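Got a few minutes to walk through a model together? Have the viewer open and follow along.

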Amino acid sequence: MATTLIIIQLLIVFAFIFIGARVGGIGMGIYGMVGTFLLVFVFGLAPGKAPIDVMMIIVSVIVAAASLQATGGLDYLVGLTAKFLRKHPGQITYLGPLSCWVFCLLAGTAHTSYSLLPIISEIAQANKIRPERPLSVSVIAASLGITGSPVSAATAAIISTDILGTKGIDLADVMMVCIPASLIAILVAAFVQNRVGKELEDDPIYQAKVASGEINPEEDRKRMHQLEEHPDPKAKHSVWAFLAGVAMVVVFGLFPELRPHYMVDGEMTMISTSEMIEIVMMSAAALILIIGKGSVKTAAKGTVFAAGMNAMVSIFGIAWMGDTFFNSNKDFFVAHLSDVVQSAPFLFAVILFIMSIMLFSQAATVRTIYPLGVLLGINPLFLLAMFPACNGYFFLPNYPTEVAAINFDRTGTTRIGRFVVNHSFQLSGFITTFVSIGLAFLITQLFY
């Protein structure tokens, strides 16, 4: 009887994850909370721990990024990046994805890649390079930037006090393991992708678009000229203010002894990682707006702020539902799964990958599934190495960055296949997932 109830509860969790994913936006959080309501009020489960720390980190980082957007800082960065990419057009399949990766590593969200994708597509097309090649890797690279970013919600979640933070894993560990693993994985994917598909001039869809006059590169060049040649001088200062905030987070993460210490109940206590990120990034937002003479109203109306708030609401509902379910049934899962997962830990990476497809968020996947890994007693270093498995949402081509890349590629080479899952991002996604997890495991074994 008890097993039947747990299975029914699990089906409810899956059902509301599926409904929320289909609705999109804040629907993930809303329907996740409906699932939490049923688990608590109907099945009598004790409410789990709401992901307050993660939500507050998202708010602080997104406010800083939105302030940067409001002062023109994002456009300034885009202009600089476009100039750099145009100087090395033949290497766009490598440099385009790396640019997206660095952007997202610094900003903590894959949505910053939207501004780079059209530039990458245009440069590839202008140099007769199949745009699918750099775009497919760039979208995946943007997601990988989150698993290693010192200011991403996913990183904050994995080092939180109720997941790996209690196991001795901190921000420095995440960066030292995931950043080099992701970097090499992106280069491997770019090397492979550079040899995939017909050359642009031989692609029939592209030929048809040129013949019909649908493609006109000259108009796109004029559109980007303003950003590249006439940047807002105030924006440069706001960029430096934002980078200073990120640098402080990195320094305090790598050298925790530099953080403020204070007395609590007679014991010297250090400020936590989450508190440090929240204080630093919100303060950086104020500095950005002051230096860049930006408007708070403009920041709140920007696309970065809207995307961040969607993420926060989604994590609120979904993560609370997952925490409620797994914590109330932890004895059941430990009894039935611990031996299997301990003997083959990689199976947990498969679970993470599958759940990330449904949850559409690395942070939500961490908050929902990682507590189960901790309960099962999996080696914390193994759990850290599996972090890139949370990027599995590329599997179905409906994530916003994938949709954007398809739309930005006017040549039609970046596309969804007849069977939906045979789309342009699949190969790069699986290559980076396998390579990054494998390298992360290797790093943990060699240096820990």
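What follows is an informal tour, from the overall picture down to single residues.

**The big picture**

Keep in mind that this is a predicted model. The protein chain holds 21 helices and two strands. Of its 448 residues, 53% count as buried. Take the contacts between residues at least 6 apart in sequence: 80% of these join residues at least 24 apart. The chain's accessible surface is about 18800 Å², and carbon and sulfur atoms account for 68% of that.

**Helix 21 and its rings**

Let's start with helix 21, which has 22 residues. From first C-alpha to last, helix 21 reaches 31 Å, close to the 32 Å expected at 1.5 Å a residue. Its buried residues include Q426, G429, I431, T433, I437, A440 and I443.

The aromatic pairs in the model number nine. One of them joins F430 and F434, which are stacked with 6.2 Å centre to centre and 25° between the planes. Why can these two meet? They sit four residues apart in helix 21 (residues 426–447), so about one helical turn separates them. An α-helix has 3.6 residues a turn, so residues three or four places apart point the same way. As for cover, F430 is partly exposed at 27% relative accessibility, while F434 is exposed at 62%. Both belong to a cluster linked by ring pairs, made up of F353, F394, F395, F430 and F434.

**Y448 and helix 9**

Just past this helix, in the segment after helix 21, comes Y448. Y448 is partly exposed, with a relative accessibility of 39%. Which residues does Y448 touch, leaving aside its neighbours within four places in sequence? The list is D173, M176, V177, L381 and I443. The side chains of Y448 and D173 make a polar contact at 2.9 Å. Along the chain these two are 275 residues apart, yet 9.6 Å separates their C-alpha atoms.

D173 falls within helix 9 (residues 171–193), a run of 23 residues. At 1.5 Å a residue, helix 9 should span 33 Å, and its end C-alpha atoms are 32 Å apart, which agrees. The N-terminal end of helix 9 is capped by D170, with a side-chain oxygen 3.3 Å from the backbone nitrogen of A172. Elsewhere, R195 lies over the face of F191, 4.0 Å from the ring centre.

L171 in helix 9 also has a partner from further along the chain: its C-alpha is 9.1 Å from that of F252, 81 residues away in sequence. F252 lies in helix 12 (residues 233–254). F252 counts as buried at 17% relative accessibility. Outside its neighbours within four places in sequence, F252 is in contact with L258, R259 and M276.

**T324 and T36**

Now over to another pair of helices. T324 is in helix 15 (residues 303–328), and T36 is in helix 2 (residues 27–42). Is T324 buried or exposed? At 0% relative accessibility, T324 counts as buried. T36 is buried too, at 5%. The two residues are in contact with each other. Setting aside neighbours within four places in sequence, T324 also touches L39, V40, L45, A46, P47 and G48. With G48 there is a polar link: the backbone nitrogen of G48 lies 2.9 Å from a polar atom of the T324 side chain. From the other side, T36 has G317, W320 and M321 among its contacts.

**A loop residue with a positive phi**

Most residues other than glycine have a negative phi. K293 goes the other way, with a positive phi of about 50° although it is not a glycine. Where is K293 found? It is in the loop between helix 13 (273–292) and helix 14 (296–301). K293 is exposed, with a relative accessible area of 67%.

**Accessibility at a glance**

Here are some of the residues from the tour, side by side.

| Residue | Relative accessibility | Class |
|---|---|---|
| T324 | 0% | buried |
| T36 | 5% | buried |
| F252 | 17% | buried |
| F430 | 27% | partly exposed |
| Y448 | 39% | partly exposed |
| F434 | 62% | exposed |
| K293 | 67% | exposed |

F252 counts as buried because the cut-off is under 20%.

Notes: Residues are numbered from 1 along each chain as its sequence is written. This is a predicted model: local features need pLDDT of at least 70, side-chain atom pairs count only at pLDDT 80 or more; totals for chains, interfaces and linings use all residues. Side-chain values use heavy atoms; hydrogens and water are left out. Buried means under 20% relative accessible area, exposed over 50%, partly exposed in between (1.4 Å probe, protein chains only). Contact means heavy atoms within 4.5 Å. Accessible areas come from the Shrake-Rupley method with a 1.4 Å probe; for residues, only the protein chains shown count as cover. Rings of Phe, Tyr and Trp (its six-membered ring) pair if their centres lie within 6.5 Å; planes under 30 degrees apart count as stacked, over 60 as edge-to-face and the rest as tilted. A charge sits over a ring if NZ of Lys or CZ of Arg is within 6 Å of the ring centre and within 35 degrees of the ring normal. The expected span of a helix is 1.5 Å times one less than its number of residues. A polar contact is a pair of N or O atoms within 3.5 Å; within protein, one must be able to donate a hydrogen and the other to accept it, and residues adjacent in sequence count only if both atoms are side-chain atoms.
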